[in-house]
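Got your viewer open? Let's take a walk through this model, one selection at a time.

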Amino acid sequence: MSRFIEEKLLFEKDHPGRIGVSLPENDVPAAEPEKFLGALARKAPLARLPEMSEVDVVRHFTRLSTYNYAVDYGLYPLGSCTMKYNPKLNEEVCRLEGFVNLHPMQEEATVQGALELLFSLQEALCAISGMDACTLQPAAGAQGEFTGMQIIRAHFDDTKDPRKVVLIPDSAHGTNPATSHMAGYGVEEIKSGADGCVDVAALRERVVKGDVAAIMLTVPNTLGIFEKNIAEVCAVLHEKGGQVYIDGANLNALMGITRPGDWGADVMHINLHKTFSTPHGGGGPGAGPVVCKAHLEPFLPKPVLVKEGDSYQWDYDRPKSMGKVLGFNGNFLVLVRALCYIESLGGEGLKRASELAVLNANYLRARLLPLLKLGFDGPTLHEVVFCDKDLPNGVTTMDLAKRLIDYGFHPPTVYFPLIVHGAIMIEPTETEPIEEMDRFVDAVQAILREARESPDLVKSAPHEASRRRLDEVAAARSPRTVYKERG
Amino acid sequence: MRYLPASNEDINKMLAAVGAGEVRDLFASIPEPLRLNEPLAIPKAVSELKLKDRFITRSYKNASLTCRPSFLGAGAYNHFSPSPVDQLLLRSEFYTAYTPYQPEMAQGTLQAIFEFQTMMADLTGMDVSNASLYDGASATPEAALMAHRIHKGTKILVARSLHPAYREVLKTYLRHLALTVEELPFGKDGRLDLGALKAATTPDACVVLVGQPNFFGVVEDIKAVAEVLPPGPKKPLLCAVVSEALSLALLEPPGACGADIVAGEARSFGLPLGYGGPYLGFITTKQAHIRQLPGRICGETVDAEGRRGFVLTLTTREQHIRREKATSNICTNEGLCMLAATIYLALMGRKGLVDLAKLNLSKAEYLKGTLGKRGIRPLFSGPTFNEFAVRLKTPVKTANGTLFKHHIHGGYDLGRDYPELQGACLLCATEAVTKEACTAVADILGGPQ
């Protein structure tokens, strides 16, 4: 018998007459919707809201939770996702009543503690990145990218210098080209060199035309390789007036060791749900603050947080601002967690975290090297990418990934970056103990043995999850995205 | 450091396996001149107890809404959230999981998304929903861009009565694309001026965005708006933008009134105000447009044994496959907030949600009536849900200052965004305010009856 309790959908658990909530008392005369709203009052029934007791609801979601894997179970080695441990203290402080119960439009005088906290976080992010100014408004990495690219765009508009093109390496995350497109730029892909880095000579040739607004670079890149010519890349762009955008997805390799601002980079976003330990939440919420150099500061989103004496205020008078990307002040409760993490570790601790993240990744690399083939040679930092060459008997990267589930691991990132065939991208982060990584290596070793001796076992994995392999092709062919009774 | 398990012995063992002498050697690929030779300018680590005290001190410097009645809405409504919502969010299996890219070990998250999509489609009167967007403001340009992809027209029509921050975010997103935004005025009833809409609806108009209820709290007649639009292939799409999702429980759903897209903010479903985030953007539409939706969508499928299961689907719309041709750049969304809303809606059920919405209507109407008796009357004649605009006898800032002395958070100053509405104030009354608080506000703003 399966260890999972089969849990139906909410709509199949509808039990008329039950209720899961105790509503506040009504101390005023009851207003009838028909009287006040007339023909606009709802006639359609709320067919899809179930009637359930509190117990039913709690069991439902608790059972669903057992189908998930999570960082609190074990290694979650998704490359470029930085699935580090989410400290419990952060969850406690972000739930303090004086943070949770604040309205975003309250008078500034009544939220000085919140503003002080935001200001401290901005200062910390500037210190870590080597930049001069910060906005905490973007809700996630992709929105941070969008904000950064719009800042660059506003900068060029301000100097009446229309440029059309953004350069993006072929190893980049898909959000980079998607974002540039949304900012109205054409995207040109640049090929990685044999060492996995940008080819500076080819870059110079392209940039010399003067129509390049910016380059978007992830450093270290998605192969885990540090762009060794980054200072030269910045110089090449700057010579022709271009800007350098750094995608901070992989900042976890660099804290206290090297800073984008010192390389010459102009603007970058930071994923607080990666490097700064705020939980991924099964897909969000995140936070994607943007930091930039002083020359781009006038273009930051509105409002900007300013400190005058001992008090903090929002400054809306920002005529050159790129605008606004979120309704209110950013994902505040995520920002609280991030600052708590930063202050838990302190400057030294953050540096130690990056060092150990890189050590862990290199340890896994060394241990896996006899088993799997590297995508690119050369030194790597916080993550390492293997390819599917040498997988026996037609076993694919996906099969290996699915079989890891049976061994109690979340699989690594697979088939990304696109420039590595059957990529297996592994990032353990600094919060993994050595014995957990050893357990992972043992699992990979065992799976490769199975792949040689009984490949069907691997090809038909997973066997131990709440579901066997799911048919994604069928799902896309005739999408069923809402519940319907079977006729 | 308690989050870093490596002991010195572990470190030495790992260095030996790597073949490095010291940790520093692992960073040899970073050119020496680029290294940081000083400590980060970040304060030293402190103990858990001390840090907790520091955050508590920061939280005490805020005058929160706890024990201070609030009449502030303006896109963020103060609602009660039942205890199970946050308790369930604290399950590690939900909050420490990643996006469900490996569906076999993420069925919990995926089933919840499927349930969310079903309930949001039902509440809005639509066929399909995505798995969330950042917030109501950023859902607005996503809806506009979606309409543009479907219709191809380059003019975006937006009611000036739509939330000012939503309009600002809309303009920011569209600024550098070859699209124009035209704002449409509101009439004396506070609703979209249908005559102006008719005049602005040229064949290049791809969408009309209307707040429901709008920023003044006024409920629009979506059916009447739909009827103004010229039939035929050039008919622009109609998008209702909902800032207060609870209103959906009492209002005829936009989908039943002729809307093609409903986008907005569902934070009211179980999430805290949290000084502005994280919130919960959503977008729903008709089945025909599903392939133009932005962001993640969960779909039903079967596993190798034929059992029902769920996966992320139609991913060829998304940035990780389509890159610059994607329907949006969104990747991380508001997953845990979506889960909160799903739990909340399950607890409420159809009766609870409708009763709660009626309670909001009742409180707001009571406040409206009580103010009216003291000579403070609604600014607009249109019907409202839990928020309405009034003109005060004193400047809004002064009035709010007085209210705050009585430990009450006053309303939103409409003069900030609408020069012609100087002195006008937006007041919201949810289930969280008592009759007593409503009377107190009326007494302070209007003088005793």
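Start by selecting residues 136-151 of chain B, which is helix α6(B). At 1.5 Å a residue, its 16 residues should span 22 Å (the expected span is 1.5 Å times one less than the number of residues), and the end C-alpha atoms are 22 Å apart, which agrees. Helices here are DSSP runs of H or I with at least four residues, strands are runs of E with at least two, and both are numbered from the N terminus.

Before we go on, a word on what you're looking at: this is a predicted model, where local features need pLDDT of at least 70 and side-chain atom pairs count only at pLDDT 80 or more, while totals for chains, interfaces and linings use all residues. Residues are numbered from 1 along each chain as its sequence is written, and chains are lettered from A and ligands numbered from 1 in the order in which they are written.

**Stop 1: around α6(B)**

Is α6(B) enclosed or open? Of its 16 residues, 14 are buried, so the helix is largely enclosed by the rest of the structure. (A residue is buried if 20 or more other C-beta atoms lie within 10 Å of its own, exposed if 12 or fewer, and partly exposed in between, with C-beta atoms placed from the backbone.) Now click Lys152(B), just after the helix: its phi is positive, about 80 degrees.

Next, show the strands that α6(B) lies across: β2 (155-159), β4 (205-211), β5 (237-242), β6 and β7 of chain B. The helix runs at about 165 degrees to β6(B). (Axes are lines fitted to C-alpha atoms, for helices over the stretch in contact, and angles run from 0 to 180 degrees between N-to-C directions; contact means that C-beta atoms, placed from the backbone, lie within 7 Å.)

**Stop 2: the sheet in chain B**

Now bring up the whole open sheet of seven strands, in the order β1-β7-β6-β5-β4-β2-β3 (chain B), with mixed pairing. (Two strands pair if DSSP finds at least two bridges between them.) Which strands stand at the edges? They are β1 (128-129) and β3 (180-184) of chain B, each with a single partner strand, so one side of each is left without a neighbour in the sheet.

Zoom in on β6(B), residues 261-265, and β7(B), residues 281-285: they pair in the antiparallel sense over five bridges. Pick Val262(B) and you'll find its bridge partner, Thr284(B), in β7(B).

While you're in this chain, select Gln212(B) and Pro213(B), which are joined by a cis peptide bond with omega near -15 degrees. Pro213(B) sits in the loop between β4 and α9 (222-228) of chain B.

**Stop 3: where the chains meet**

Colour the two chains separately. Across the interface, 176 residues of chain A are in contact with 169 residues of chain B. Helix α11(A), residues 332-368, gives the most to chain A's side, with 24 residues. That side divides into 97 nonpolar, 49 polar and 30 charged residues. (Ala, Val, Leu, Ile, Met, Phe, Trp, Tyr, Cys and Pro count as nonpolar, Asp, Glu, Lys and Arg as charged, and the others, Gly among them, as polar.)

**Stop 4: over to chain A**

Select Gly144(A), which lies in helix α6(A), residues 141-158. Buried or exposed? Gly144(A) counts as buried because it has 32 C-beta neighbours inside 10 Å. Try a distance to Ala287(A): the pair are 143 residues apart in sequence but 8.1 Å apart in space, C-alpha to C-alpha.

For contrast, jump to Lys160(A), in the loop between α6 and β2 (165-169) of chain A. With 6 C-beta neighbours inside 10 Å, this lysine counts as exposed. Its phi is near 50 degrees, a positive value in a residue other than glycine.

Now find a hairpin: β8(A), residues 304-308, and β9(A), residues 311-315, run antiparallel and are joined by five bridges. Leu305(A) stands opposite Trp314(A). Two residues lie between the strands, and Gly309(A) takes a positive phi near 65 degrees.

Last stop: Ala461(A) and Pro462(A), joined by a cis peptide bond with omega of about 0 degrees. You'll find Pro462(A) in the loop between α14 (455-459) and α15 (472-477) of chain A.

How values were computed: Pairing = 2+ DSSP bridges. Contact = placed C-beta atoms within 7 Å.
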